Each structure stands twice: as C-alpha cells, then as structure tokens.
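Please open the model in a viewer with a cartoon representation and keep the selection panel at hand. The tour proceeds by selections, each followed by a description of what is found there.

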Amino acid sequence: MQSIAKILIVLFITFLSFEKLKAQISTDEIEKWHQKMSLIFSKQSKEKIDSCFTAIESQFTTETLNENVYYLSAKAELKRRFENDENATMALSLKAMNLYEQQNLDDWDLLGKLYKLTGATYLRAEKYEKTKEIFTKAIALFTKHKDTLNLAIAYTQLGKAENRLENYDVAISKIKKAINLLLDINHKRYLPILYTSLQRAYSKKARIENNRIYVDSSIYALKTMMQHIDEPSNEVSFTYHNNLASLYKRSENYQQAHLYLDSAELFINTQNQEDLRFIFRNRLDIYEVQKNYELLAETARNYYDVVDSVYSSKISNELDELKISLEQECLLREEVQNEELATQKAQSRLYITLLSAFLLGIGGFFYYIFQKRKKEKELSELKQKLLSSQMNPHFTFNTLANIKALILQEENQKASKYLTKFSHLLRKSMNSSLNETVLLDDEIELLENYLALQKIRFNNEFSYKIQNDVEMSEDYLIPSMLLQPFVENCFKHAFKNIDYKGEILVHIFEKNNKLICQIADNGIGLINSKPINTNRKSLTFDITKRRFALQEKSFTTKGKVSIKPNPKAKSGCLVNLEIPYNFH
C-alpha cells in the first residue's frame with residue numbers, strides 16, 4: 001500500500017509540473033503573439049490585427065486568454081484604436097492591470113502600456129482624479145527605467161487632467177516638464193501638441209487673473225508651436241494667425257492684431273463662412289475700442305452678411321447706432337471749431353447726410369437679397385423633400401403585399417425573415433428621406449439591404465454584386481435615396497418575362513475627381529422595353545434630373561445621368577450616374 005501511495009504522489013506531482021509547464025508555454029506563446037500584434041498596431045493595419053486575433057483565439061481556450069495579461073492588453077488596444085469602444089477598453093485594461101499585480105509579472109514595458117491606455121481612457125471619460133492617479137504611477141515607472149519619451153507622454157496627460165480641473169499653474173508646470181524632456185532627446189513629433197496645450201493653459205490663466213504676463217506667455221507658446229510644424233495646412237495656418245490676432249487684441253496691441261488678421265485671411269477656405277465670421281468679429285472689437293466708426297460700419301456690413309440669423313434687426317440697430325454716433329461726433333467737433341470753419345461745417349453735415357443715406361440704402365438692399373435667398377432656399381428644400389418622398393411608397397406597399405402573401409401561404413419562417421429585413425430597410429429609407437444628403441457608405445448599406453430583400457422575394461432568380469472602389473467612402477455626402485430607384489427598375493422592367501437568371505452589377509468608383517456609379521443588368525434591354533416601360537424610366541430619369549438641378553448649388557460637383565445598352569452582355573442596360581457630392 002505504501003508503494004502504491006508513493007507512486008500516486010509522484011504521478012500527481014508530475015501532473016502538476018506538466019500543467020505548470022503547459023501554462024508557461026501558453027504565456028510565452030501569447031507574449032510572442034502580443035509582440036507581433038504590437039508591430040502591426042504601429043502600422044495601423046486592422047485586417048492583419050484581426051487575423052492575429054483569429055489565430056491566437058483558435059490556438060488557446062477562452063479561459064486561458066481571459067487570464068493572460070498580454071492578450072487582454074492587446075484586446076483593449078484594439079477596442080480603443082479601431083472600435084472606439086471606451087467601456088470595453090476600460091474594462092479590459094483594468095482587468096489586465098489587476099492580473100499583472102496578482103501574477104507578479106516583471107515586464108515594466110507592458111505595465112507602462114497599460115498605464116497609458118487606462119489613463120487615456122479615464123481622461124476621455126472626464127474622470128480626472130483617476131487620470132492623475134494612473135499617470136502619477138506611470139511617471140514613477142518611466143523615471144525608474146529612464147524611458148524619456150513615455151515619461152514626457154505621462155507628464156503631458158497629467159498636465160491635461162490638471163488643466164481640465166482648472167489647476168492651471170500645475171498644468172503649466174507638467175507640460176513644461178514634458179516639453180523639456182522631448183527637447184532633451186530631440187523628439188519633435190509631439191512638440192506642436194504640447195505647445196498648443198501650454199498656450200491654452202496660459203490663455204485660461206490670463207482670463208482668470210487678467211495678467212498681461214500670461215497673455216505674452218500664451219503668444220510665445222503659440223509661436224513656438226508653429227516653429228515645430230514643417231508644412232502646416234491652410235486650416236492650421238488660419239487658426240494660428242487668427243488665435244495670435246485674438247491674443248494681441250487682448251494685450252491691446254491692435255497693430256499686430258490687424259497684421260495677423262490680414263495674414264489669416266490668406267488661408268481662409270472660401271466655402272467656410274465661419275472663418276470669415278471669426279475675422280470680422282475680431283476686427284469689430286478692435287474698431288469699436290479705437291472708435292473708428294467708418295471702418296466699424298464697413299466691417300459690420302460684412303459681418304452681418306455672413307451671419308444669416310436675425311439679420312434684419314441687427315443690421316438696423318447697428319446702422320442706427322452708427323448714424324447717432326457719427327452725428328454726435330459731428331456735434332462735438334462743431335462745438336470746438338471756430339467761426340472761420342463755417343464752410344467746412346456745412347460740408348461735413350452734407351457728407352454725414354449722404355453717408356447715412358448710403359448706409360441705409362445698402363442695408364435695405366442686403367436685407368432684400370437676404371430675404372429673397374432665404375425663400376429660394378426654403379423652396380428648394382421643400383421640393384427636394386417632396387421628390388425624395390415620391391420614391392418610397394411604391395416599394396413599401398409592394399413589399400407589404402408580398403409579406404401578406406407569404407403569411408397566407410403559411411410560409412411563416414420565410415415571412416419572418418422577410419419582415420425583419422424589410423424593417424431594417426424601411427428604417428434606413430425613412431431616415432434618408434428626411435435628409436437631403438446621406439453618407440455614401442449608408443446609401444450602399446441601404447442598397448445592399450434592398451437587394452438582399454428582393455433576392456428573398458424572387459427566390460434567388462437573380463444575382464447581384466455591389467463593388468465599391470471608392471477610398472474613404474465614409475467621407476462622401478451624396479443626395480439621399482439616389483441609387484435604389486434605378487435598381488428597382490431592374491425588377492419592374494428589365495427582368496420582366498425573361499427565362500434566364502437575371503444579373504445586377506453596381507460599380508461605384510472615382511474618375512477625374514468625379515464620383516461615378518454604374519448600374520448594369522442583363523434584362524430585356526432598351527429596344528424591347530420601349531413599348532411598355534418608357535413612362536416608368538422617364539419618370540425615374542426626370543425625378544433624378546430635377547433633383548440634380550435643385551441641388552446644383554448644394555454640392556461641389558454636378559450630377560449627370562445617362563443610359564445605354566449594356567456593352568458587356570447580350571442584352572440589358574447600363575445606367576451611368578455622375579453623383580454630386582460634398583466631403584463630410
């Protein structure tokens with residue numbers, strides 16, 4: 001019995017050793033995967049990261065992965081960087097940090113990444129005290145291991161938290177510390193961001209204490225920031241010059257403020273009226289302090305031409321105040337002038353009267369133009385919504401009829417599936433019909449749902465393919481409900497009375513700065529369809545052309561539609577749409 005007991009004890013110890021070795025191998029393998037994913041993360045490749053996660057999750061059990069710090073930290077990074085899921089990022093990173101402490105791991109680089117990830121998530125969630133707690137630990141860790149770059153990043157994040165808590169002196173101290181660390185290692189990539197944060201902290205401090213020193217410090221930080229940007233964009237250059245003008249205005253250096261406002265105008269996007277409004281607002285403040293009423297009047301007209309709201313009342317009040325100010329100024333001058341200037345007095349009165357009449361005339365003219373354009377815009381929007389709504393009812397009623405038929409035929413499973421897809425499509429369609437524009441990605445998704453729904457309806461009697469070759473299609477704004485009516489024609493006309501499988505190809509691409517959509521089918525074609533389908537096709541084309549005409553001024557490109565026989569099939573049509581668009 002004793003020998004059997006000894007054998008059992010030996011076997012048990014051997015089993016425990018094997019399990020411990022197996023766990024160590026798993027940890028080592030996961031760490032290798034983590035290192036591989038870290039390299040891919042730096043290249044921003046979502047597809048390769050997904051393939052890595054698929055490989056590692058097929059190799060190890062869920063229980064093993066959920067107890068591994070390397071896996072959890074990589075998963076948290078994925079949720080933050082590519083999925084923007086703050087709650088999941090927070091939960092995964094906190095669990096990884098707790099496991100790191102429980103397992104007594106010795107990988108300071110991994111711990112530093114977890115500190116940065118968790119602290120940044122707390123900062124975006126506006127939990128500033130938690131942010132300070134995490135980055136204080138990070139500073140101690142990076143200081144111990146002499147990691148200057150990450151130490152500077154930790155000080156930067158700590159400074160942001162202090163800034164949000166309105167501890168501006170502490171924030172300025174932390175940001176300066178980060179700047180000095182980056183200068184020590186000649187790392188210039190993050191310097192513009194740091195100097196921008198420093199400038200904001202100084203500016204907020206100046207507003208609280210009304211101290212000229214902080215304004216000057218803010219100007220210095222802003223100028224230093226610009227020196228570290230090699231090729232600033234027009235938007236960055238405009239913001240830089242406009243902000244400097246505002247700071248010089250606060251320091252009462254109006255000459256410098258005007259110079260930087262002049263420079264800012266060189267970088268204005270002509271389609272961005274908001275930029276013009278900022279410049280006019282700054283100039284109005286300066287002219288008012290300087291009592292330069294003539295330039296104040298001219299700038300006021302430009303300002304209120306840009307600002308559409310409450311135009312009538314504001315321009316009238318401004319012109320009345322200007323008239324009163326000019327008359328009072330004239331009266332004061334008349335009191336101090338001697339009798340030898342009688343002729344000049346008369347000329348001055350005449351000038352004031354003519355100027356007042358001119359300003360009132362200009363104000364009335366701009367008011368008339370404003371009202372006219374406002375009515376034209378409202379009429380255009382009403383027509384656009386009317387035309388969009390005309391494209392939806394036919395398909396809606398037809399689909400409901402098909403669902404009813406399936407229910408009557410007791411095909412409940414098919415009817416349920418059909419109804420689910422239809423509800424998704426109807427919600428998207430209704431949302432689109434309420435807006436003049438929609439993202440290209442959303443329009444493609446709506447079309448995908450519509451075709452999938454039709455495929456169920458027609459029992460796979462046709463096939464379809466949507467090929468999107470547009471890069472960054474999520475940034476394009478196009479007219480809503482534009483593509484579906486043309487695809488609908490395939491089922492109403494092109495595939496009528498055919499004895500072969502229908503095909504639909506939707507190809508979206510860019511060519512010569514034009515956004516083009518081609519819809520091709522292998523239906524009965526233009527010649528065979530003409531006797532019975534002319535009215536329907538004309539209606540679709542007419543509505544689309546009218547929409548393009550109404551929205552011509554709303555987009556940067558013009559719309560165009562044409563149709564011809566499909567050159568790649570024995571029969572069928574090819575619809576060519578040049579889609580008007582704006583960038584989102």
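Two strands are taken as paired if DSSP finds at least two bridges between them. The model is a predicted one, and the tour begins with its strands.

**Stop 1: the three-stranded sheet**

Select residues 437-439 and 582-583, which are β1 and β8, the edge strands, each pairing on one side only. They belong to an open sheet of 3 strands with the order β1-β3-β8 and antiparallel pairing. Add residues 476-479 to display β3, which is joined to β1 by 3 bridges, the two strands running antiparallel. Within this pairing, V438 of the chain faces I478 in β3.

Next, select residues 440-457. This is helix α20, which lies across β1 and β3 and runs at about 85° to β1. Keep α20 displayed for the next stop.

**Stop 2: the five-stranded sheet**

A second open sheet consists of 5 strands in the order β2-β4-β5-β7-β6, with mixed pairing. Select 462-468 and 560-565 for β2 and β6, which stand at the edges; each has a single partner strand, so one side of each lacks a neighbour in the sheet. Averaged over neighbouring strands and with direction ignored, the turn of one strand against the next is 15°. Helix α20 packs on this sheet as well, touching β2, β4 and β5, and its direction makes about 170° with that of β2.

Now select residues 514-521, strand β5. How many of its 8 residues are buried? The number is 6, so β5 is largely enclosed by the rest of the structure.

On one pairing, β5 is joined by 8 bridges to β4 (residues 502-511), and the two run antiparallel. Two positions are convenient for inspecting the register: V506 stands opposite I519 in β5, and I508 stands opposite C517 in β5. Select N512 to view the hairpin of β4 and β5, which has 2 residues between the strands; N512 takes a positive phi near 55°.

In another pairing, 6 bridges join β5 to the antiparallel strand β7 (residues 573-579). Here L515 has I579 in β7 as its bridge partner.

**Stop 3: two cysteines**

Select C490 and C573 and display their sulfur atoms. A disulfide is a covalent bond between the sulfur atoms of two cysteines. The search of the whole structure finds 0 disulfides. C490 is in none, and its nearest cysteine sulfur, that of C573, is 8.1 Å away. Why is there no bond between C573 and C490? The separation of 8.1 Å between their sulfurs is too far for one; the cut-off applied is 2.5 Å. Are the two residues buried or exposed? C490 is buried, with a relative accessible area of 2%, and C573 is buried, with a value of 3%.

**Stop 4: aromatic rings**

The whole structure contains 10 aromatic pairs. Select Y248 and Y260: their ring centres are 5.5 Å apart and their planes are at 10°, so the pair is stacked. Y248 lies in helix α12 (residues 234-250) and Y260 in helix α13 (residues 254-265), so the contact ties together parts 12 residues apart in sequence. Y248 counts as buried at 11% relative accessibility, and Y260 is buried at 16%.

Then select Y450, F462, Y464, F491 and F495, which ring pairs link into a cluster.

**Stop 5: salt bridges**

Side chains of opposite charge can pair when their charged atoms come close. The structure holds 7 salt bridges. Select E129, K132 and E162, which are linked in a network of salt bridges.

- K132 and E129 meet at 3.9 Å, N to O. They are 3 residues apart in helix α7 (residues 128-144), a separation of about one helical turn. E129 is exposed, with a relative accessible area of 51%.
- E162 and K132 meet at 3.4 Å, N to O. This pair links distant parts of the chain, with E162 in helix α8 (residues 148-164) and K132 in helix α7, 30 residues apart. Both E162 and K132 are buried.

Finally, select K249 and D285, whose side chains meet in a salt bridge of 3.1 Å, N to O. K249 lies in helix α12 and D285 in helix α14 (residues 273-290), so this pair ties together parts 36 residues apart in sequence. D285 is partly exposed, with a relative accessible area of 26%.

Terms used. Residues numbered from 1 in each chain as written. Predicted model: local features only at pLDDT ≥ 70, side-chain atom pairs only at ≥ 80, totals over all residues. Heavy atoms only, no water. Helix = DSSP H or I, 4+ residues; strand = E, 2+ residues; numbered from the N terminus. Contact = heavy atoms within 4.5 Å. Axes fitted to C-alpha atoms, helices over the stretch in contact; angles between N-to-C directions. Buried < 20%, exposed > 50% of the residue type's maximum accessible area, 1.4 Å probe, protein only. Phe/Tyr/Trp six-rings, centres within 6.5 Å; stacked < 30°, edge-to-face > 60°. Salt bridge = Lys/Arg side-chain N within 4 Å of Asp/Glu carboxyl O.
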